[in-house]
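Let's walk through this one together, starting from a single loop residue and working outwards. Have the sequence and the 3D view side by side as you read.

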Amino acid sequence: QYCVGADCFIFSPGEIGNVSCKICHTRCHVQRNIEGRRIKYISGTGLDKTHDKFYCPKSDNAWHKKGIKLYVESDRTESKRISELKKKDIDDILNSIPDI
């Protein structure tokens with residue numbers, strides 16, 4: 001799973017106790033003390049070490065994937081207005097899901 005900082009997070013072991021998903025605000029699951037690269041395709045850069053990985057248990061849902069796409073788009077745009085509209089779209093998605 002590729003981490004974009006919305007529903008997947010990488011930290012040094014024990015650095016963080018709990019994390020919530022920035023999309024649906026669900027408490028993330030955690031895998032602790034993972035050996036290996038923190039970031040794909042980068043080796044020999046000091047990132048090859050033990051880490052904790054937090055991930056949202058709802059990230060496989062289609063609505064969640066759409067929320068991630070909107071989150072990334074809102075983060076990358078230089079327009080504050082467009083960013084706010086995309087965040088409102090995420091809120092609309094969450095409001096349409098009965099079990100959130």
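**Starting from I16**

Setting aside neighbours within four places in sequence, I16 is in contact (heavy atoms within 4.5 Å) with F11, R32 and F54. Before going further, a word on the ground rules: this is a predicted model, so local features need pLDDT of at least 70 and side-chain atom pairs count only at pLDDT 80 or more, while totals for chains, interfaces and linings use all residues. Residues are numbered from 1 along each chain as its sequence is written, and side-chain values use heavy atoms, with hydrogens and water left out.

Where does I16 sit? Its place is in the loop between β1 and β2; helices (H or I, at least four residues) and strands (E, at least two) are DSSP runs, numbered from the N terminus. With a relative accessible area of 24%, I16 is partly exposed, on a scale where buried means under 20%, exposed over 50% and partly exposed in between (1.4 Å probe, protein chains only). I16 and D52 are 36 residues apart in sequence, yet their C-alpha atoms are 8.5 Å apart in space.

Now to two of those contacts of I16, F11 and F54. They form an aromatic pair that is edge-to-face, with 5.8 Å centre to centre and 75° between the planes. For the cut-offs: rings of Phe, Tyr and Trp (its six-membered ring) pair if their centres lie within 6.5 Å, and planes under 30 degrees apart count as stacked, over 60 as edge-to-face and the rest as tilted. The structure holds one aromatic pair. F11 lies in strand β1 (residues 8–11) and F54 in strand β3 (residues 51–55), so the pair ties together parts that are 43 residues apart in sequence. F54 counts as buried, at 1% relative accessibility, and β3 as a whole is mostly covered, with four of its five residues buried.

That brings us to the sheet. Three strands make up an open sheet in the order β1-β3-β2, with antiparallel pairing; two strands pair if DSSP finds at least two bridges between them. The edge strands, each pairing on one side only, are β1 and β2 (29–34). Four bridges join β1 to β3: F11 has D52 as its bridge partner in β3, and C8 stands opposite Y55. On the other side, β2 and β3 also pair over four bridges, and there I34 stands opposite H51.

What about the packing? The largest nonpolar core has 19 residues, and those with the most contacts inside it are I23 and C28. Such a core is a set of buried Ala, Val, Leu, Ile, Met, Phe, Trp, Tyr and Cys residues joined through side-chain atoms within 4.5 Å. The elements giving two or more residues to this core are β1, α1 (62–76) and α2 (80–95), and the largest share, five residues, comes from α1. Beyond its neighbours within four places in sequence, C28 is in contact with several residues, among them F9, V19, F54 and Y55.

Finally, how far to trust the picture: the chain's mean pLDDT (the predictor's confidence in each residue, from 0 to 100) is 86, and 85% of its residues reach 70 or more. Over residues 41–45 the pLDDT is below 50, and this stretch has five contacts in the model beyond near neighbours in sequence.
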